[in-house]
Structures are given as C-alpha cells and as structure tokens.
Protein chains: 2
Amino acid sequence: MTDERKEFDLIRCLFAPLAAHRPEALGLLDDAAIIEPDSGQGIAITTDCLVAGVHFFASDPPDSIAARSLRVNLSDLAAMGAVPDSYTLAIAIPENCDNAWLRAFADQLRRDQEQYEIDLIGGDTVSTPGPLTITITALGRLPVGQGVRRSSAVVGDDIYVSGTIGDACLGLSALQKGGDEFDQTTAEYLIDRFRFPSPRTQLGPQLLGKASAMADVSDGLIADLGHICSASGVGADIRLDQIPISDDARRVTGGKQESIMALLGGGDDYELVFTASRDIRSEVQAVGEKCQVAITRIGHICEAKSEQVSLLDEAGEILPISSTGGYEHQW
Amino acid sequence: MTDERKEFDLIRCLFAPLAAHRPEALGLLDDAAIIEPDSGQGIAITTDCLVAGVHFFASDPPDSIAARSLRVNLSDLAAMGAVPDSYTLAIAIPENCDNAWLRAFADQLRRDQEQYEIDLIGGDTVSTPGPLTITITALGRLPVGQGVRRSSAVVGDDIYVSGTIGDACLGLSALQKGGDEFDQTTAEYLIDRFRFPSPRTQLGPQLLGKASAMADVSDGLIADLGHICSASGVGADIRLDQIPISDDARRVTGGKQESIMALLGGGDDYELVFTASRDIRSEVQAVGEKCQVAITRIGHICEAKSEQVSLLDEAGEILPISSTGGYEHQW
C-alpha cells in the first residue's frame, strides 16, 4: 500500500542524529537494532501509545508532545527500578504536521535524551489520515532477578509517594477551561507540570532492594495504589492530610478537603508510589535526599478489604472516595 | 485526559492469556516487562506501525490485520538473523471495533504466537477518534556480535531471494480492483499472500555467518536491494528472468516482461533478499533445503554505480526501471 512521505529523508534529517551515539541502532537504517546487555543485566520493556485528542491536545506545542510521549515511558521504567537505556519511536503523522513541527518534536527528543541519558535505536514513521499517534517502547537496564513489582507489598509496610500530587490534573483543568480560574503564573506552572512530567528516573533505581512494591502515578494516586493492592492481595490506608501537595495546588484548591480529594483521582502525576518495610524508614528518606526528591510517607498497607484503598482524615475517620477515577491506560 | 475503554478488563480477557506462558510479562499488569537474556545473547529490536487505510484496509478481516501486524515485525527480525522471542502491542482502537472484532484479532495473535514461538509481554490499549493503529515492537535473540547487517555486502557476492516475489502486490491489486481481473481461486491465493505474509523466521537465523548482508523485501525487491547497496557502498546486477515468480503470478502477468518488472517495485513480499560469497553456494542451498524454502540466485554485487540496482534481460542488456516504487516505510 502507499505512503506518501519520504520516510528515508525524514529519518536521515531528523531522527538519525538522535541515534548517532548508538552504533547498535545501525543508523536506524537496518531492519532492526541490536542491544547487547552486560552479563547479569535484565531488560525492562514498556510501551505507551499517545493519541492527539485523547492523551494530549492536538494544539499542544510539539516539544511538550515529544516530552510527554517519552517521559511517560521513562516513568514506567522508573517504577520498575530500571535505568533508561534506549527507545523506539513509531509515529503516525497527519498531514498538518509540517517539517517545522517535526523538527521541534525531534529537538525536544534530543534534549530529553541528554537529560535522561537515553538514545533512540529504532522506529517507524508513517502517514495517517487520523490524529497524530505516537508509540514509544522504552528499554531500561536492571540487575537480573531484580525489578520492583506491584505484587509484593506486605501488610504493615509503609506507603510513600514522591514529589507532589495533583499539579498535572490542575494543569489539565487549566488547559480545558482556558486558565481563567487561576492567575497566569500559577496556570503556567500547573500546565507545565501536565505537559512536561518529571519521571523519577534517578529515584526508581535507587529504591531497588528497598521498595517492596512500586508503581508510577499515571491513573491517579488512589487508582495506582489500588493496582498495587490488588496485585499484592492487600489493602491500604492513607491519610489525606499527609498527601504532599504543591504550594500552587494548595492555593488553587484553597486547601478544601473535597478539592484535594479530587486530585487523588486525577492522574498524570508521574510520581512514584511505593511501599517499604517500616524498619528502613531512615534509609528511604536518605534515598530521597540523595536524589533530591521529596519522599512523603502517606499511610500503611493493611489486610485486604472491600475497598482496596481507604482515605482517612486526621482523626482516622474514613472519607468517602466516590470517584477514584483516572483513566486506566497503562499496562 | 480521558479514555473511555476499561483497559484493565480488555487486558484481562483478551490479552493477558497471550502472555500466560511468560512470567516476565508480569501478567501485563505491571509497569514494564523484564526479559533476561542468556549470557552471550544479544537482543534485536524492531517496530512497525500499521494504520487502517494506509497499510491495510479498514474492512480487512481482524485475523489478517493481526497476522500482518505481527508478521511484518517477524520479517524484520528474520532479516537480522534473530530468533523471535517476544513482542509488545500498542493498539489504538476506534469505536467501531467491538469486542467480537477484538476477540478475533487476539485469537489470530494467539495462533501466530504458537506458529512463530513468540509471546506477548506488554503493551498499551487506547481509544482513538481516528483509524485503527497498531504498533508492534518485536524482540529477537541472536548471538552477541552477530546479526546480518545491510552494510556488509561485498563486490562479487551472489544475490539471493527467498520464496517468490510479487504475489502480495498482485493480491493488493486484486483487493483494490475487486478481483475481477483474476479467477476466484487465483485472487484468493494472491490476496491471502498479501494479508498473511510468511516471514522467513526459520531461514533468517540459519543464514547467520553465511549471508554477508540481508534485508527483508517490504518496500519492493529493487528498493530493498537498493538499501543494501547504499548501506554497503556497492551496486547490484540482477537478472529479470531469474526472479522467482509463483505459477499464479506468472499466469496473471502472462509472463510479460513489463508486468513482471512492476512486481519488483510492489513490496509487501516479506521474503529475504541477501548476499553471500560465491564460495558457499552449496551451503546456501543446503540451508534453503533444511528450511524448506526455495532460495534463488538472482544476480551479483558489483562496484557502486549511479543506479544502484540494474535489472538485466537474458542477453545481459539493461532494462529501464523507471518506477522502483514501493513505499519506504521501515527503519
């Protein structure tokens, strides 16, 4: 069948330079790339597909689309404790993406590659009559036999979350509503948090051997902690007043309980939620300091129960979480 | 942002069984899969994105779409000499794909997994307002330091192609024209060749250490041999009368030179084109017999020249190849 774009030209001009440091990418011009893990190394593999109008706005700037597409995958690697290594990019390009758009997209990939020490090793560029659709498959390295699963949380473990929760959700809201509800500086900060997630690629690998279970917060804190609970056959109690919220989010929500609760179902945070034995609290905090990421203890793992995750107020009373929402989009 | 499908249900019902034999897939429910290569093993990685209306017809049966999506990737692995191991599947699903459609799609993947000894280890299912878009990233295993590149053809090498060339191109034509030009049995055979390619997954790995350069024929024989030539800095002379054509293709083309020439630009064959030293002709044929795949010597590698690939008639005269065509869609 036909494909009107001259893919080889695109590859040569825009994407091949992104693979220049990796001889195993074979200049992106062979049938496949070849990676050769060191002895004792395993490879973590994750893939995410992002569609314009579903996972980002078609009008979003190309740099933010590039960053988001790559970083959501880096977040998955971090949640396994894997160090980013390489990725493939499959991009289905609609007619309205011109070369300037594609150049800006590739430029951001280059910047992210430097920041996260990862390289392009293969991919596919095709035309589509539909929305821009980007699929990245990211590979990370980790010691054989390791990797932090979701299924190994133990009753009595502490529950932690990195960074702050809810900014991206508020940023999305600002984009959807035109940002009138927030002052400009706040809106810009929150939108930036939505468009440019900060995957915890340093922190994740440092938690190998320490975290008993881990996931990244993509669907929402309650939903993702729920995934850990169902995989581990346990329950979780977390305290609303312990949830780390940024100053901007606190100001925007006015500190109202219901507004903060809504953030826990919002998703797109790309923070790490993990469990660890209460015997290693100081070690966990030391890892956070080493990685310069705030790590907040928000509750503990309990026996399995009907609602996997309970949200408690300061008095220990259960708060109703009607909509834990979030969109369940990641394997 | 929102995604209306209950992805976790879909995974559990349709896709998780495809990963059941692979503990490293973590039931498709963790953040990433983990594969652990044996010592001395490298991993070949390739990705292909297929869009309805571009790479297949939206009305194609779901089994053929599943087969095609996986097999084009297996063909890339074969062209490196890698043995299929595992794959990730990212599928952007339009509203008109109901559960029956998805079940038929997954059923074919299961059949192909058995046939090609490969397992699903991860993926992503998302909704799209646009056409069905399928991205598969396939991983294969091969000995460290090996892998047949496109860049190592040597002047004097023989040029071979597996199987027959042109059936898929005629099958596509039959689909586009409604099949009236062919009798029904012929049309069915040719369409089947387009919809269900036969990647040479046995042959490819057997050519490790024998083929000097190799590619799969996806863009068309002339185009893909041209890729070997440009990567290797050489030229190629091939003989039109040596090109292996199926009985059906010969009947349909009436053996006309021009019609057969058109097939060489048609693409979608998913055969292997490779080069090898003329000193090992009997070894190459023995590999073909072992794998029960016809291997035909069609020409030889020469010094680089302006048109990379020359097509010669029986008298050695150069035939004009105006449209080497094919769509250059694969990295």
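Why is helix H4 of chain A largely enclosed by the rest of the structure? Eight of the 11 residues in this helix, 167-177, are buried (under 20% relative accessible area with a 1.4 Å probe, protein chains only), so the rest of the structure largely encloses helix H4.

Quick housekeeping. This is a predicted model, where local features need pLDDT of at least 70, side-chain atom pairs count only at pLDDT 80 or more, and totals for chains, interfaces and linings use all residues. Residues are numbered from 1 along each chain as written, chains are lettered from A and ligands numbered from 1 in the order written, and side-chain values use heavy atoms, leaving out hydrogens and water.

Okay, back to H4(A). Its buried residues include Cys169(A), Leu170(A) and Leu172(A). The buried residues pack against helices H5 (184-195), H8 (247-253) and H9 (257-263) of chain A, where contact means heavy atoms within 4.5 Å. Right after H4(A) comes Gly178(A), with a positive phi near 80 degrees.

Now, the two chains. A turn of 180 degrees and a shift of 0.0 Å along the axis lays chain A on chain B with an RMSD of 0.0 Å (least squares on C-alpha atoms of residues with pLDDT of at least 70 in both). That's the relation of a two-fold axis. In chain A, Gly130(A) has the C-alpha nearest that axis, 2.2 Å away.

And where they meet? Each chain, A and B, puts 78 residues into the contact. The rule finds four salt bridges across the interface (a Lys or Arg side-chain nitrogen within 4 Å of an Asp or Glu carboxyl oxygen). Asp31(A) and Arg150(B) meet in a salt bridge at 2.8 Å, N to O.

Technical notes:
Buried < 20%, exposed > 50% of the residue type's maximum accessible area, 1.4 Å probe, protein only. Helix = DSSP H or I, 4+ residues; strand = E, 2+ residues; numbered from the N terminus.
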